[in-house]
Each structure stands twice: as structure tokens, then as C-alpha cells.
Amino acid sequence: MSTSQIAFLKGHGTENDFVIVPDPDDALDLPPALVARLCDRRAGIGGDGLLHVVRSAAHPEARTMADEAEWFMDYRNADGSIAEMCGNGVRVFARYLQRAGYVEEGDLAVATRGGVKRVHLAKDGDITVSMGRAILPGDGVTVELAGRGRPARNVNMGNPHAVVFVDDLADAGDLLSVPPYSPVSVYPDGVNIEFVVDRGPRHVAMRVHERGSGETRSCGTGACAVAVAAARRDGVDPALTGTPVTYTVDLPGGTLVITERPDGEIEMTGAAVIVAEGVVDPDLSGRRA
């Protein structure tokens, strides 16, 4: 299939924006260079990542999940690299399926490289994603800010995160490049780094450098990692108390509500919007300004 035949949509979840490429039969060739061009904000469509929409049975990485989830979110970072999961991306992915008439309000399963995610499309427009359980590796991690090392909480949400609590979000700098961290061996495939301040009881705000994308307006798995890290810092563990804990997480692009349940399951609730659709210019696959 030629590039001239690639249809796309553009959507966002709390301003974490994505190029959406519907391809139910996995017929498209989407090499990293083309993904990067599509996500380029000046020479392409622009996005923090790309959502390749494929039926699970048609994709070699998802066939084993096809009995649980009809659809596979083949997620790519803005630089074209492959990622395990994207929480905001799952909500936008679900919104696209609803818009295309593949699903209706109610419950949905979506296959990802981070496992099958359960989604609920509510009548009020919000979408809740069951993000799975957080893993808290014991590896000590330090992130450098203004020449000084800060301790970071290592949280894995199907993808890796380092959560740093700071006094002021401006302390994080411009986040255009990856903040230095050590030991590098803890994250052999790179890491998403979140900087967090308190806003009130069980209410925090964050900025994030996303692996392969730079600073983004929002990160769903990052918000979940932040909520878990904040709860543990506050001495709260639902597995011990038997009571769910909910944190409100403010991001530059909006607000997400994160709930961790006693069984460890983490739910993320927020909006998802489709803003445009079109067809890729056939020259985009080879044109570089």
C-alpha cells in the first residue's frame, strides 16, 4: 500500500496528542523514519506519538491476545521507536474505535505490548482505563537537577518511570533533552522521567520528559506512576489498608484522576478527543525540507 493511501486522524488525551493510523489488516509499512515524519510538528502532521490501529489477530505481536481483545494498539514514539504502552494513547485509541463505529459505550478490551487493558467508555464522555498493577523495583535511581542529584522512585507501569519530587516544577528546566540519571543500567531501554509538586491533600501536579518524545503535555502511565509514588511517600498502600486511594494529577494539558485499588489494579480516568482527519500527502514519505 502506498503512502498516498494512508488515511489518518489526529486526537489527544489531556493534550497528549497522537497521529492515528487505522490499519485493521496490518497492511501498511510504517518504518521508524516515516513515523517520525508523520509526528514532526513542522514538516508532518505533528504528535507526541502514533497509534497504529490493528486487529490483534492480524498483528504478529498481538495474536496471542486476540481471544481477549479484538484490537491492538501498536504504539510508536514520536521518534519512530516502539513503546510498550501509553495511557493517554489507550483512551484516544478507544475514542477512535467508538467514532469509527467498531465499539459503543461500555466496556472494551485493548491489546498493547504492556498486556490487555480494560477500558470503559462512559456516557459523560470520560474514558477509564484499567492500567494494570505498578511494579516497584528496588533499584536506587538518582536524577540530576541543576547539578545536584535527586532521589527518584522507580515505578514500572508496563513501561519504565522515574518519579522525582521537587519544590517547584520550574526546577526541571526545559526538558527538551533527557535529564541525566544514574545508574543508566537500571533503564537499559531509556525511561520516562516525572517531576512532581504537591497541590493539596492527594492532589499533585507534574511535568514529564517522555522517552523518545521529549516533554509532553500529558502522560497517562506517568500520571499513574506519580500517583503510586505519592501514595507510598505518604505512607499509603491500598494492599495493606484494604481501601482504594485516589489522587488528582494536574498536567500541563489537563487533569487525570488515578485510583489504586486494594488488589493493586490502577484506574485512570480522563477525556479523549478526536480533532481532525485526512489523507497523508504522497510526498511525505520521501520529502525532507
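## Second largest cavity

Helix 3 makes the greatest contribution to the lining of the second largest cavity, supplying four residues. The structure described here is a predicted model. The volume of this second largest cavity is about 40 Å³, and its lining consists of Cys224, Ala227, Val228, Ala231, Val245, Tyr247, Ile258, Thr259 and Glu260. Two or more of these residues come from each of helix 3 (220-233), strand 15 (245-251) and strand 16 (254-260).

In terms of residue class, the lining of the second largest cavity comprises seven nonpolar residues, one polar residue and one charged residue.

## Largest cavity

The model has two cavities of 30 Å³ or more. The largest cavity encloses about 50 Å³. Its lining is formed by Tyr75, Asn77, Ala83, Met85, Asn159, Asn192, Glu210 and Arg211. Three of these lining residues are nonpolar, three are polar and two are charged.

## Largest pocket

The largest pocket has a volume of about 220 Å³. It is lined by 16 residues, of which Arg41, Gly47, Asp48, Ala78 and Ser213 are the closest to the centre of the pocket.

Helix 1 and strand 14 (214-216) each provide at least two residues of this lining. Strand 14 has the largest share, with three residues. The lining of the largest pocket divides by class into five nonpolar, five polar and six charged residues.

## Packing of helix 1

Helix 1 spans residues 32-39, and its buried residues are Leu34, Val35, Arg37, Leu38 and Cys39. An α-helix has 3.6 residues a turn, so residues three or four places apart point the same way. The buried residues of helix 1 pack against three strands: strand 2 (16-22), strand 3 (49-55) and strand 4 (71-77).

## Aromatic pairs and a charge over a ring

Three aromatic pairs are present in the structure. In one of them, the ring centres of Trp71 and Tyr102 are 4.6 Å apart and the ring planes meet at 50°; the pair is therefore tilted. This pair connects distant parts of the chain, 31 residues apart: Trp71 belongs to strand 4, whereas Tyr102 lies in the loop between helix 2 (87-99) and strand 5 (106-112). Trp71 is buried, because its relative accessible area is 1%, a value under the 20% limit for burial. Tyr102, with a relative accessible area of 36%, is partly exposed.

Another pair is formed by Tyr181 and Tyr187, with ring centres 5.7 Å apart. The planes of these two rings stand at 75°, so the pair is edge-to-face, the cut-off for that class being over 60 degrees. Both Tyr181 and Tyr187 are buried. A charged side chain also meets an aromatic ring: Arg233 lies over the face of Phe165, at 4.4 Å from the ring centre.

## Glu144 and the cis peptide bond

Glu144 is a residue of strand 8 (residues 141-145). Its relative accessible area is 40%, so Glu144 is partly exposed. Residues up to four places away in sequence aside, Glu144 touches Gly149 and Pro180. Glu144 and Ser182 are separated by 38 residues in sequence, yet their C-alpha atoms are 8.4 Å apart in space.

Ser182 also precedes a cis peptide bond: the bond from Ser182 to Pro183 has omega near -5°. Pro183 is located in the loop between strand 11 (181-182) and strand 12 (192-200).

## Positive phi outside glycine

Asp26 is a residue other than glycine with a positive phi, near 55°. Asp26 occupies the loop between strand 2 and helix 1. With a relative accessible area of 24%, Asp26 is partly exposed, since burial requires a value under 20%.

Ala146 likewise is not a glycine and has a positive phi, of about 50°. Ala146 is situated in the loop between strand 8 and strand 9 (148-156). The relative accessible area of Ala146 is 85%, so this residue is exposed, the threshold being over 50%.

Terms used. Residues are numbered from 1 along each chain as its sequence is written. This is a predicted model: local features need pLDDT of at least 70, side-chain atom pairs count only at pLDDT 80 or more; totals for chains, interfaces and linings use all residues. Side-chain values use heavy atoms; hydrogens and water are left out. Buried means under 20% relative accessible area, exposed over 50%, partly exposed in between (1.4 Å probe, protein chains only). Contact means heavy atoms within 4.5 Å. On a 1 Å grid over the protein atoms alone, a cavity is a set of points where a 1.4 Å probe fits but cannot get out, and a pocket is an open set with protein on both sides within 12 Å along at least five of seven lines; lining residues have an atom within 4 Å of a point. Grid points are joined across faces, edges and corners, and a volume is the space filled by probe spheres set on the points. Ala, Val, Leu, Ile, Met, Phe, Trp, Tyr, Cys and Pro count as nonpolar, Asp, Glu, Lys and Arg as charged, and the others, Gly among them, as polar. Rings of Phe, Tyr and Trp (its six-membered ring) pair if their centres lie within 6.5 Å; planes under 30 degrees apart count as stacked, over 60 as edge-to-face and the rest as tilted. A charge sits over a ring if NZ of Lys or CZ of Arg is within 6 Å of the ring centre and within 35 degrees of the ring normal.
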